[in-house]
Every structure is written in C-alpha cells, then in structure tokens.
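Dear colleague,

I am passing on to you the structure that we spoke about, and below it you will find an account of what came out when I went through it. Please read the account with the model open beside you.

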Amino acid sequence: EFTKDRNGIDQVILKNTRKASVRISLHGGQILSWRTDHGEELLFTSSKAIFKPPTPVRGGIPICFPQFGNRGTLEQHGFARKKIWIIDTDPPPLQPNDTNVKAYIDLLLKSSEEDLKIWPHSFEFRLRVSLSEDGYLTMISRIRNINCKPFNFSIAYRTYFSISDISEVRVEGLETLDYLDNLCQRERFTEQGDAITFESEVDRVYLSSSDIAIFDHERKRTFIIRKEGLPDVVVWNPWDKKAKALNDLGDEEYKHMLCVDGAAIEKPIPLKPGEEWTGRLELSFVPSS
Ligand code: TA6
C-alpha cells in the first residue's frame, strides 16, 4: 500500500493477513512503524521527532551507512538515512530463505553526484523489507561496489525498540563478549557473565555476537534479533543527561526506548569493484513469562 507523509514523501505500508503491519518511508529507507496483529506499536518514536527531511526521524530503524558514529570523514552515521530512496524496479529475485514472506518492498539508494563529492565511491544499496505471516520483520541489504576501485563501509540498523521501562529490561546474548565503549574513547572491555541491565547511559559496540534477546519484563514480551553478515551489536540508551541534550527526544523518553542494532562496525566491510555484500536482520517477538 502506498501513501504520503505530511511532507509529501512516499511511504509504503506492508500488511500480512493477520493485520500486522510495517510502515517504511522513502526518506532514508527508514522503517517508522512495526505493529502486531493487534495494532500494538513495537518500535519507539520520540514525541519530539522532527519529520522534516533531511533530519532523520528519532525512532523506528534509521540505517547508518556508509559510516557508523562520528569517527571518519562523514557526518555522524553517514548520509544514507538522510537521502530519498526510490522503489527498486529491478529487484533481486526472492531467495529460498525468504520463505513465508507475505509482503515485501524493494528500495534502492544509488550514490549521487553530491554523495560522490563527500564519499568518492559509487555504490548501489538495495534494501528488501519484508513482513512474514508470523509478523517477523526482515531487512536484507545488498550493497554493491559499482566503482572501479575498492572501498570499505560500516553499517548499522539503528533499531529503536519500544519498551515499558528501561529499568525492567535485560538483554541476553552479549555475555562474555568484548565491546568497545563509546563512553571511554571506544576502549575495549569484556562483558561479564550475566545478562545486561540498565542503570545509566550505555553506548557500546559488542563484537562478534550471535542472536540477541531483549526481555521487557512489564509487557511480558521478548524481542529476538537474528542476523547474518552483521557481526556486531550496538547497545545505546542516552539516559537522562544525554536525553535532555537531544532536542528531538523527550526528557523522560529514554525510559521507554532501547537501541540494539545489528551492525558491522569493528571491521568495516571491504568491497572490490563489482562485488556485492549481503546483510540480513530479522526481528521477531515472543510472549515471555
Ligand atoms: O550509539 C552511537 C551514537 O553516536 C550515540 O553516541 C548517540 O549520538 C546516538 O548514536 C544517536 O546519534 P544520532 O545521530 O542519531 O543522534
């Protein structure tokens, strides 16, 4: 289903037969909403979000590409989340593991002349967003180097999960992993042996993780993150001080959001001319006791 937002930017709404839905904006190729069969919103959007391109909406799933963070020559988190994407009229065929895909859309971002001035590498970024019959949300990225020389990129699906209360949330799957702590000049530490809970600002890149589970105690819901080609996981909560410093985030809203992002950051992905990289992120949720 196609619609337009208040700025006339195209949006796509995917639905399955049980009325679960996903809303994607062509601004940034950003998922803005992921709802259950009962219409309950699973992603966080700030009440002070700015819906005015090129500013990315604070919430949903903005895509950080070709750079994560502010280490590098580009603006923080790169430019892909600020660009207008297009519908891909020459999409890749459905793959065997795209099973029980109920509804999907193929978006495309190609490097523009202005992009090439700040990042001199020609690329095609094909994004397939799909919603399964079970309400699973999958994002498949295919990034091809269409230049004549190699380049590296980092990528993160900055996923704002809606949670009831940050002090009632725990994350499993990161135990004993090494992480780079953005609050300590990206120094490397090792996570201890039990689930992560939150009592203050967290801004870390965990390395070489597999599946992740986010337990929302109050809502009795567990989010599951499965990923391929995305070795790292960013965990970010701004807490109170940083929340106040962000003009597009309510002062108390850090309590109701948690970013856990499938990513490839520590080792930027190298692409030779003509080569294509594929990364896959699947989000689902289950009732939890
Ligand atoms: O998690 C990394 C990080 O750079 C944080 O330090 C914080 O700045 C967050 O991302 C939000 O970045 P944004 O550019 O979306 O405001």
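Pro54 is placed in the loop between β4 (30-35) and β5, and the peptide bond that leads into this residue from Pro53 is cis, with omega near 5°. Please keep in mind that this is a predicted model, and that the values given here are therefore computed from it. A cis peptide bond also joins Phe65 and Pro66, where omega is about 0°, and Pro66 has its place in the loop between β5 and β6. One further backbone feature may deserve a look while you check these bonds: Lys19, in the loop between β2 (10-15) and β3 (21-25), has a phi near 75°, which is a positive value in a residue other than glycine.

Turning to the ligand, where does it sit in the protein? The ligand is found in the largest pocket, where it is surrounded by Arg58, Phe68, Gln76, His77, Arg81, Arg158, Asn182, Asp203 and Trp236. When the residues of this shell are sorted by character, 2 are nonpolar, 3 are polar and 4 are charged.

Which side chains bring a polar atom to an oxygen atom of the ligand, and at what distance? For Arg58, a polar side-chain atom lies 2.8 Å from a ligand oxygen atom, while for Arg81 the corresponding distance from a polar side-chain atom to an oxygen atom of the ligand is 2.9 Å. Asp203 likewise has a polar side-chain atom that lies 2.6 Å from an oxygen atom of the ligand. The ligand taken alone exposes 390 Å², and the protein buries 84% of that area.

There is also a record to set beside this picture. In UniProt, an unreviewed entry carries the annotation "binding site", and this annotation covers Arg58, Gln76 and Arg81. These residues span 24 residues in sequence, yet no two of their C-alpha atoms are more than 13.9 Å apart, so they gather at one spot. The lining of the largest pocket takes in Arg58, Gln76 and Arg81 from this set, and Arg58, Gln76 and Arg81 are also among the residues that surround the ligand. As for the chain around one of them, Gln76 lies in the loop between β5 (63-64) and β6 (86-87), and that loop is also where Pro66 is placed.

With best regards

Methods:
Residues are numbered from 1 along each chain as its sequence is written. This is a predicted model: local features need pLDDT of at least 70, side-chain atom pairs count only at pLDDT 80 or more; totals for chains, interfaces and linings use all residues. Side-chain values use heavy atoms; hydrogens and water are left out. A residue is near a molecule or strand if one of its heavy atoms lies within 4 Å of it. A polar contact is a pair of N or O atoms within 3.5 Å; within protein, one must be able to donate a hydrogen and the other to accept it, and residues adjacent in sequence count only if both atoms are side-chain atoms. Accessible areas come from the Shrake-Rupley method with a 1.4 Å probe; for residues, only the protein chains shown count as cover. On a 1 Å grid over the protein atoms alone, a cavity is a set of points where a 1.4 Å probe fits but cannot get out, and a pocket is an open set with protein on both sides within 12 Å along at least five of seven lines; lining residues have an atom within 4 Å of a point. A molecule sits in a cavity or pocket if more than half of its atoms lie within 2 Å of its grid points. Ala, Val, Leu, Ile, Met, Phe, Trp, Tyr, Cys and Pro count as nonpolar, Asp, Glu, Lys and Arg as charged, and the others, Gly among them, as polar. UniProt positions are given in the numbering used here, feature names are shortened, and annotations may be inferred rather than shown by experiment. Helices (H or I, at least four residues) and strands (E, at least two) are DSSP runs, numbered from the N terminus.
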